[in-house]
Amino acid sequence: MLYLSTKYLLIMSDSPIRVHFVSMECYPCAKVGGLADVVGSLPKYLNDQGAEVTVFMPKYRMKWFEGKSFDYRHVSHFYLHHERIDYGIAEVTDANLGFRLMVIDIPGKMDRNGVYAGADGHFFGDEIQRHLCFQRAYLNFIVLSEHTPDVVHCHDHHSGLIPFIMQNCDGYRNLASLPVVFTIHNERYQGVFPWTMHYLLPQFDSWKAGMLDWGNLINPLASAVKCAWKVTTVSPSYMEELKYNSMGLEALFHQENHKCVGILNGIDNEVWDPATDPFLTSLYEGDVDDFKLKNKLALLEGTQLDPELPLVAFIGRFAGEKGADLLPGIIEESLRRELPLNFVVLGTGDKWVEHQMGILAYHRPDKVAAMITYNEAVSHKIYAGTDFLLMPSRVEPCGLNQMYAMRYGTVPIVHNIGGLKDSVTYFDGDNGTGLKFNSLDFYHVFEEFQRAIYLHGAKKLLTTARTNGMDADFSWVKSAGQYMDIYRSVTGR
Ligand code: ADP
């Protein structure tokens, strides 16, 4: 008997930890930003280290989903207040992503041509209902089927009500003792809604309302920080910064500090491989300068930009947190000072920034190229073909762009905060991978621009900086190990 139970325990401890990722984005199925990159890559590395990850995401009406095979495992309905919501949960049997993908099919709510906004850039307007339906459908699936995981791992506020519902709502309390980990990819978006809409939630004991509340609003992000067993952010420095700059949640992060951990994101070295990247014109064959030059010439073909000059890129959402509103001013100032720099910008978002970038590119086609679009292929070409990548972020939870840049031999010039602080080391002529400014004012930014210009002229130094970046290890292996430690601690395995 004793022998049997010991053996059983051994089998238990050897069996993989079953983890469910719940996320609105997953690369390559549906991507808006870094959340998709993380959810589309981290599971592969976790699976190598003793987990068995299944990703749950909405089934959108987007290109990637066309023609895929869906094996429906669960079809049912629930009521969102008085509205009947029909849903299905299906495995995508031909996804070939390196992990199991389940989609949550909610006709009328999720089958849209966009994750948060339509093609015109306007938000759908029913985010609260959509996110609640997504979370309820997932929870119904695990509560009603035999697919209970060992750990539920929620990502960002869209799945932030899951821990509260599991622990406090009628119909879900069987899940109350199931460990939940919550990862904050961006605290700027908290998903708040007024208490007058509380009827959209399943029934809960009114004295538990405090676990939903922050500032007299229902705050899914704050609720997840309160209710999850462990909270992670995507870099250690960002975790510290949240305690004094987190859109009103500072006190909460102080209070819950004991269960919060910062784990630096990694990148998918298979997708981001300069030696095999199918989006590139020329692949890396061992000579970094040759690789950079060929890709720069290909990138600048058809433009009036002089390939002899240092080329500075910006890629990303035109949002205040990325410092995108500073870009037009920085570029104008560079033109006014007649600096020997050219700029290439890829992004969408804030209409004022889009407009200003269009004007700059129109008036100075010899200095500025602006692509006001979202284009994955072009982003790869830019990482490979530019000399420097500028990131004047006001807030940067982790930032993946600087890591992609370094992997492709591009030297990042970054604001020294959050994940940028943790992933870029200052290039001192020998060691280090990038240039950093400690303040967002022009004086400090242009000081680094002057260093960039000097670096570009000193070919040996430039090669060293490029090589250091390419040699830096940003793979997921170490960070996946830290997530495994968290899963082990919450499951006791
Ligand atoms: P975010 O806060 O937007 O998630 P990250 O740095 O974590 O920022 O991730 C941004 C991701 O989105 C990167 O993979 C970047 O290359 C990609 N990206 C952002 N804007 C664009 C664009 N306009 N076209 C192509 N890729 C983009």
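Glu338 is exposed, with a relative accessible area of 69%. Here exposed means over 50% relative accessible area, buried means under 20%, and partly exposed is in between, with a 1.4 Å probe and protein chains only. Glu338 sits in the loop between α9 (327-336) and β13. Helices are DSSP runs of H or I with at least four residues, strands are DSSP runs of E with at least two, and both are numbered from the N terminus. Glu338 is not a glycine, yet its phi is positive, about 55°.

This is a predicted model, in which local features need pLDDT of at least 70 and side-chain atom pairs count only at pLDDT 80 or more, while totals for chains, interfaces and linings use all residues. Residues are numbered from 1 along each chain as its sequence is written, and side-chain values use heavy atoms, with hydrogens and water left out.

**Backbone angles**

Most residues other than glycine have a negative phi, and most peptide bonds are trans. His81 has a positive phi, near 55°, and is not a glycine. His81 is found in the loop between β3 (70-80) and β4 (83-92). Its relative accessible area is 38%, so His81 is partly exposed. The peptide bond from Tyr27 to Pro28 is cis, with omega near 5°. Pro28 belongs to the loop between β1 (17-22) and α2.

**Two helices**

Does the length of each helix agree or disagree with its residue count? The table sets out α3 and α16. The expected span is 1.5 Å times one less than the number of residues.

| Helix | Residues | Expected span | Distance between end C-alpha atoms |
|---|---|---|---|
| α3 (127-144) | 18 residues | 26 Å | 25 Å |
| α16 (477-491) | 15 residues | 21 Å | 21 Å |

The span agrees for α3. It also agrees for α16. Helix α3 is mostly covered, with 13 of its 18 residues buried. The buried residues of α16 include Tyr483, Met484, Ile486 and Tyr487. Just after α16 comes Gly492, with a positive phi of about 70°.

**Buried residues**

His20 lies in strand β1. Its relative accessible area is 6%, so His20 is buried. Contact means heavy atoms within 4.5 Å. Leaving aside neighbours within four places in sequence, the contacts of His20 include Thr54, Phe56, Tyr138 and Ile142. His147, Pro149 and Val151 are also among them. His20 and Leu326 are 306 residues apart in sequence, and their C-alpha atoms are 39 Å apart in space.

His157 is in the loop between β6 (151-155) and α4 (162-168). This residue is buried, at a relative accessible area of 10%. Which residue shares a polar contact with the side chain of His157? The side chain of His158 does, at 3.5 Å. A polar contact is a pair of N or O atoms within 3.5 Å; within protein, one must be able to donate a hydrogen and the other to accept it, and residues adjacent in sequence count only if both atoms are side-chain atoms. Not counting residues up to four places away in sequence, His157 touches residues including His131, Phe182, Tyr189 and Leu221.

Lys259 occupies the loop between α7 (250-255) and β11 (260-262). At 8% relative accessibility, Lys259 counts as buried. Where does its side chain reach? Its target is the backbone oxygen of Val225, at 2.8 Å. Beyond four places in sequence, Lys259 touches Val225, Lys226, Cys227, Ala228, Trp229, Lys230 and Val231.

**Around the ligand**

A residue is near the ligand if one of its heavy atoms lies within 4 Å of it. There are 20 residues around the ligand, and Lys31, Gly34, Asp37, Arg317 and Tyr383 come nearest. A polar side-chain atom of Asp37 is 2.8 Å from a ligand oxygen atom. In the side chain of Arg317, an N or O atom is 2.8 Å from an oxygen atom of the ligand. Thr373 uses its backbone: an N or O atom there lies 2.9 Å from a nitrogen atom of the ligand. On its own the ligand has 570 Å² of accessible area, and the protein covers 93% of that. These areas come from the Shrake-Rupley method with a 1.4 Å probe; for residues, only the protein chains shown count as cover. The elements that give two or more residues to the shell are α2 (34-48), β12 (311-318), β13 (342-349), α11 (376-385) and α12 (401-407). The shell divides into 6 nonpolar, 9 polar and 5 charged residues. Ala, Val, Leu, Ile, Met, Phe, Trp, Tyr, Cys and Pro count as nonpolar, Asp, Glu, Lys and Arg as charged, and the others, Gly among them, as polar.
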